[in-house]
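Q: I would like a close look at one part of this model, with its surroundings described as one connected picture. Please keep the terms explicit as you go.

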Amino acid sequence: MPLSASPAAHTRPGIFIPSFFLENFSILETHLTWLCICSVFVTAVNLLLYLVVKPNASSKRSSLSYKVTRFLKCCIYFLMSCFFFHVIFVLYGAPLIELVLETFLFAVILSTFTTVPCLCLLGPNIKAWLRVFSRNGVTSIWENSLQITTISSFIGTWLGAFPIPLDWERPWQMAIERKYKMCTSLYVCTRHGASHCPQVWPISCTLGATFGYVAGLVISPLWIYWNRKQLTYKNH
Amino acid sequence: MVPVCWRSRCASGRRSRMQKISVLLFLAWVCFLFYAGIALFTSGFLLTRLELTNHSSCQEPPGPGSLPWGSQGKPGACWMASRFSRLVLVLIDALRFDFAQPQPSHSPGEPPVSLPFLGKLNCLQRILEIQPHHARLYQSKADPPTTTMQRLKALTTGSLPTFIDAGSNFASHAIVEDNLIKQLASAGRRVVFMGDDTWKDLFPGAFSQAFFFPSFNVRDLHTVDNGILEHLYPTMDSGEWDMLIAHFLGVDHCGHKYGPHHPEMAKKLSQMDQVIQGLVERLENDTLLVVIGDHGMTMTGDHGGDSELEISAALFLYSPKALFPGAPPEEPEIVPQISLVPTLALLLGLPIPFGNIGEVMAELFSEVEDSQSHSSALAQASALHLNAQQVSRFLHTYSAAAQDLQVKELHRLQTLFNKASADYQRLLQRPQGPEAALQTVITELQQFLRGVRAMCIQSWARFSLGRMAGGAALMAAACFLCLLVSQWATSPGFCFRPLLTLMACGLAGTIVCAGLLTTTGLKLDPVVLGAMAAAGSLLPFLWKAWAGWGSRRPLVALLPIPGPVLLFLLIRFAAFFSDSFVVAEARATPFLLGSLILLLIAQLHWEGKLLPPKLLTIPRLCFSASTGPPRHNGTHALGLGVGLLLCIRLAGLFHRCPEETPACHSSPWLSPLASMVGGRAKNLWYGACVGALVALLAAVRLWLRRYSNLKSPEPSVLFVRWGLPLMALGTAAYWALASGADEAPPRLRALVAGASVVLPRAVAGLAASGLMLLLWRPVTVLVKATTGAPRTRTVLTPFSGPPTSRADLDYVVPQIYRHMQEEFRGRLERTKSQGPLTVAACHLGSVYSAAMVTALTLLAFPLLLLHAERISLVFLLLFLQSFLLLHLLAAGIPITTPGPFTVPWQAVSAWALMATQTFYSMGHQPVFPAIHWHAAFVGFPEGHGSSTWLPALLVGANTFASHLLFAVGCPLLLLWPFLCENQGPRKRWQPLGRNEAEARVRPEEEEEPLMEMRLRDAPHHFNAALLQLSLKYLFVLGIQILACALAASILRRHLMVWKVFAPKFIFEAMGFIVSSVGLFLGIALVMRVDGAVSSWFRQLVLAQQR
C-alpha cells in the first residue's frame, strides 16, 4: 500500500532510502526529515546494541532509581552536546540567526553519531570520555571502535564543509546566500513550487558526517583485526 | 655543576654579533631569491601591449584607393569631409547607463520607483522625445579595467589599455600613441579643456586653453564641478574654441563617498542635468554635443573591475541639425566605448588615430537630407571602409613590430579584409549597384573590425611561458631552501659560517658572470639579471644539499612538518587553484584557522598535556606519555581556544563581499562614520570606537605592568606611559572631526580643516619618535642599585649526576643561574671591598617581548588611523586573538632549556593564517576595486599634488596592515613560551614535595624566573632559533605565493584569470614583500634589544668595577 504512492509523484526520489512512508521524500529536498529519521534510527540501533551486548555490565548498583537518574543524565548530556556542537558550528561560521533549525538538527545528527555511542558505552562520565580520547587511553575493542567512529565522523563533517564555496550549482552545496538568489530566480521556483525552496545549508556537512560515521563503522573492525597483535588492553 | 664564566660570555659577544649579522644577511638573501622569482614571473605574466608611436596624417591615406571626398577638395576635408566643425565633449565621470536612462512615465496606480539616481537627467529624455532625429542615447560598454585614466586613454586613442596599466593610476604619463587630441592640435584646431587634471599629465601642452582642477581628492564633490561651471559658459560664448572638453568629477566622487543610493547623488545628477540643458541652449548649428560617462559604478560606488554595472556607461549625442535618419529604437543600442574615437575623428574631418581598433558608428554617417537609402548606405560603407583600411594598416605595422598577435587569426582577418575591400572597390565603379551587395560589404567590413577587436582583446593577454616557469621554479627552490636550512638550524651541531660562505661563493660567481656578460656588450633585462644572480647563488646550496642527502639524511627528514600541519598547508596550497576558494577565502581562512586551533587543543589532550595526571585513570599515562609536566590545566587551554574561536567569529562580522557573490551583503560597519545618517547611532558607534582604542591601550599597559616593564625611567617606557595616551587622544579627536566635518559651523571650518591635517600627522610623528626612542634605548628594565647589609650567601644544594627528568632540569637551571649571580656578586665584593652593592634588575625576563609589544602598539596606531573608524574594533580583536593564540601555543611548546630552541610548524602556520584572516576582516579583498583609496587622504585632505609615492605608501600601509603587524610580531612566537614559564613551575613544583627542603631555603625575593634570559644564555641557539623561525615563516608565505603563481600560470586561459587569479597573485606578492620586510625588521629589533642588553650588562660590570 505505501509503495504505490511513491515513485511517480516524486520530482527526485531519495537516493538511499526509498520513500516507503513519506510522500515526496528525498534526502536532498526534504533534508530535515531525513536528518530526523537518520538520527532516530541510529540512536535506536545504538540503544539496541547496548541492551543486547551490554559492554560494561559491571554496574554494582542496579536499582531502578539509579537507572532512571542515569538515563536522565544521559538525556541531559545529549542535549548539552547538541547545544555545544551548535555553538561550535556558529563559531565556525554558520549563520547565527537564520537557519537555526537546520544548524541545530545538524548538531543533533552529529551528536547522534558521536555522543550517543559514547553515552551507551561509557555512560555519562566525562572523565571516561576524556580518557578514551587520549593516547593509550582505550581499554577494550569497543572503546577502540568508538574512538575510530567518533573521530571519523568529525573528520567527515569537517570535509563536508569543503564543497560549500564551490560553484558547481549542485543543490547540495550551494552557499546560504546563493540559495536566496536561486530561490528568487524563476527557474528554481517553477521547479520546486514558489513556496518551497530547498534548504541547502547543512546538506554537505551532514552527508559528510554520515559518510564519516559509516566509514568509521567499516574501518574500525578492519583496523582492530589488522592490529590485533599490538592490542593489549590493560584493565583498570 | 656547569662552569659558567662571565668573562668568556663577554668575549663571546663579538661572535654573537657576527652570528646576528650573518642571520640578517642570510635572511636578506632568501628574500632576494623570492623577490627575483616574483619579478621574473610577473614580467612573464603581466605583459604590456606594445605602444606604437606612428601617427596618421591627412596627406597619407590609410590605404590604396581614392578617398571618398578627397577629390572634391573641400576645405577642412581630410580623409573624409567634416560634418561638424566644432565639438563639445562633456565627460561626466562614472555616469552609469541607468543614470541617464529615460524613465517610463509611471501609471498613477503604481508607486513610483524612488531611487536617488533614477530619472534625474530629465533634459535628455525631453530632447529624445522632442527631437528624435537630432539626438540619440547609447549604452556604451567600456573595456576593463574601468579606471579613469585607462578609459581616457581608450577614449582618445581607440585602443585597449592592458591590465598592467591599472597599477599606474596615480602616475599618469603622457600618451605616446596617436590620439584625437594630438590630431586636433596638429590640424590647428583649438582645444579648450576644463576639469580633471589627469588630462594635464596625459596630454601635456596639447590644449590652447585649460582649466585644471585637482582630481585626487575623492571626498571633494564640488571643487572640480564648480570650477568648470565658472568657466564653461563664458568660454563657450567667447567662441575661441573648436573642441571644448569638460570633465566633471562630482558624480564619481559622490559614488566613492556616499554610494549611488544617497540623496547627494540626486543633487549631483540634477546639477549635471542643468549643465546639459544650458549647453544645449547655447549650441550652434555646426556643433556636436557628446555627453559620455567613462565608466559605471558598482552598488557601493566603486569601479575598476569588469562587472556589468561598472562597464555600462551612458553615451548621448546631440546636434542642432538633424543627424539621424530614423527615430531612436525603443531600447538604446549597445556600442563599444572606443567606437566613439573613429566616429568623432571622421565627423570632425580628422584622420583616425593610428592605433585605433574601434569601429565607426555607421548610423551617424547616413545622409539625412538625401532620403535615398542607397546613398546613405554608400556613405556608411565608405566610412567603414576607411576605418577598416586604417585598422588593417595598424595590424600590419603592429604585427611587424611585435609577435604577440596570433598568426592564423591575423591571416584569416587579412583575407576577410581583402575580400571586403575588393567588393567595395567594385561597388564604387558601379555606383548604382544592387542594394544587397552594399549591405554585404557593410557586413563584411563590420565583421572584419569586430574580429580584429576580439583578436586584440585575446592576444594582449599573452604570456611568456619561459619566464613564468623560471620564476615559479625560482620560488619553489627558495621554498625548498627555507625548509632545508630551517631543518639544519634545529640540529645541535649547526654553525653559521658555511651558510655565509656558500652564499658568498654563489653571489661572487654570479657577479663575475654578469660582469663578463656586460663587458661583452650583451644587454640584459635587470629582471633576468636578478633572476640569474639568484639562481646562480642558489646552486651551491642545492649542490651541498644533494651531496649531503644520500649519506646522512633519510628521506623522511626532508619533510619535517608534522602530518596534520602538512595537511593544512596542502589544503591551503590547493585552495589557490580554485577560483571559488579564492573568492571564498575570507570565509575559508577562519575555518582553517579554527580547525587548526581545535586540532592544537585536541593534540594537547591526546598527548595528555591538558589534564592533570590524576584525572586520567591509568597511572602509566602521566609518566610515559607526557614529556613535560602539564603547565596549563584543561579548562585554561579550552578557554583560550573558545576565546580564539569567538574572536575569529567576531572579526568575521567585518567582512566585505567579493563582487562574485551578488546576494552577499557587505558589512555596513566597514564604511566610515561620516557616511552614516542617523546622529544617535553615529554617536554610539563613535563611543564604541573610542572604547576600543582605550581598551587596546589599557590592555597593552596592563600587560606591560604585569611583566613590570612599566616602572623603569627609560625614555621609551616614559613614552609608553605618556605618549600612547596622547596618540589615542589624537586619534579619537581626528575621528570626531572626520565623522562630523560636514556638520561643523562655518566659522570653525578652517579650524576643523587645519586640525584634520595636523592630527594624523601628529599621531604618525609621535609613533615614529616612539619607535626611534625604542630603538635607541630598547632595554626597559628597572635597575635597583641599593647599598644594603651584606647578605648571606644563598645555600646552594649540590646536585650531582645528569639531570634525569624534567623536574630535575627545572630545579637545576635556576640553581646555575643563581650560582652565576653569586659568583658575580662575589667578584664585585672582591674588587670593591667597601659597602657591598646589590644590583637587582627587575624583570629582565621579559625584556625582548616588552620591546616587541611596545613596537607593535606603536605601529598599530598609525595603521589604525588609516582605516575607517570602526575597524579599530578589528585591531582590538587582532591584538586579543594573537595574545590568546600565543598563550595557547605556549602551552604546547616545550622549553628545551640549554639545547636548540624550536618554534613548531603549527605555530608558524597558525600565525600566517591569522595574518590572512585579519587581512579580510579589515575589510579588504584581493581585487582592485576593493582597495581603500580613502587612506591616501588621511592627513592630506587636499590631495598630494604630483607626488605619487606618499599616497601609494599610505594606501599600501592600509591594505597590508595585518601582514605588517603579524610579520613584525613573528619573533613573539619564539619568546612567548619563555614568558609563560614563570606561571608554571613555581606554583606547581614547590608543593610537590620533591625538593621541599630546598624550596624552603630559597629566599623569596630571589624568585626572579629566568624566562627570556634563557635565550640570552645561549646566544648561538638564540640566533639559530631566530633564523629558523623566520625561515619557517617565509616558507609558509612562500608556498602561498608559489601556489598563486602556479595557479595563475596553469589557469591562464581560465575565464576568471583576470578577475580572480591575477589580482590574487598581485596582492599575494605585495603581501609577501611587506611581510618579508616586516619580518626582517622584527628580527632586527630583537637583535637590537639583545645587543642593548649585552651592552647594558657590560656597563653594569664596568660601573661596579670602578
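Over the ring of which residue does the charged end of R870(B) sit, and how far is it from the centre of that ring?

A: The charged end of R870(B) sits over the ring of W685(B), at 5.0 Å from its centre, where a charge counts as over a ring if NZ of Lys or CZ of Arg is within 6 Å of the ring centre and within 35 degrees of the ring normal. In chain B the charged end of R777(B) likewise sits over a ring, that of W776(B), 5.3 Å from its centre.

The model is predicted, and local features need pLDDT of at least 70, side-chain atom pairs count only at pLDDT 80 or more, and totals for chains, interfaces and linings use all residues. Residues are numbered from 1 along each chain as its sequence is written, chains are lettered from A and ligands numbered from 1 in the order in which they are written, and side-chain values use heavy atoms, with hydrogens and water left out.

Chain B, in which these pairs lie, has 37 helices and 10 strands, these being DSSP runs numbered from the N terminus (helices H or I, at least four residues; strands E, at least two). Of its 1106 residues, 56% count as buried, that is, under 20% relative accessible area, with exposed meaning over 50% and partly exposed in between (1.4 Å probe, protein chains only). Among the contacts in chain B with a separation of 6 or more, residues 24 or more positions apart account for 81%, a contact meaning heavy atoms within 4.5 Å. Chain A, with 236 residues of which 47% are buried, has nine helices and zero strands, and the corresponding proportion of contacts between residues 24 or more positions apart is 62%.

Rings also meet other rings, and the structure holds 42 aromatic pairs over all chains; rings of Phe, Tyr and Trp (its six-membered ring) pair if their centres lie within 6.5 Å, with planes under 30 degrees apart counted as stacked, over 60 as edge-to-face and the rest as tilted. One of these pairs, between W158(A) and F568(B), is tilted, at 5.8 Å centre to centre and with 55° between the planes. This pair crosses between chains, from helix α6 of chain A, which holds W158(A), to helix α18 of chain B, which holds F568(B), and both W158(A) and F568(B) are buried. A further tilted pair joins F34(B) and F1072(B), with 4.8 Å between centres and 55° between planes. That pair links distant parts of the chain, since F34(B) lies in helix α1 (residues 6-45) and F1072(B) in helix α37 (residues 1057-1105) of chain B, 1038 residues apart. F34(B) is buried at a relative accessible area of 0%, and F1072(B) also counts as buried, at 3%. Within chain A, ring pairs link F84(A), F85(A), F89(A), F106(A) and F154(A) into a cluster.

The helix that carries F568(B), α18(B), spans residues 563-575 and reaches 18 Å from its first C-alpha to its last, close to the 18 Å expected for its 13 residues at 1.5 Å a residue, where the expected span is 1.5 Å times one less than the number of residues. Its buried residues are V565(B), F568(B), L569(B), I571(B) and R572(B). These residues cover an arc of only 155° around the axis, which puts them on the same side of α18(B); the arc is that of the directions from the helix axis to the C-beta atoms. The cover over them includes α6 (141-160) of chain A, together with α20 (585-606), α29 (905-921) and α36 (1019-1050) of chain B.

Elsewhere in chain B, all seven of the seven residues of strand β1 (residues 86-92) are buried, so the strand is largely enclosed by the rest of the structure. Both of its faces are covered, with R86(B), V88(B), V90(B) and I92(B) buried on one side and L87(B), L89(B) and L91(B) on the other. Six bridges join β1(B) to the parallel strand β6 (residues 287-292) of chain B, where L288(B) is the bridge partner of L87(B). Six bridges also join β1(B) to strand β5 (residues 243-248), again running parallel, and there A246(B) is the bridge partner of V90(B); two strands pair if DSSP finds at least two bridges between them.
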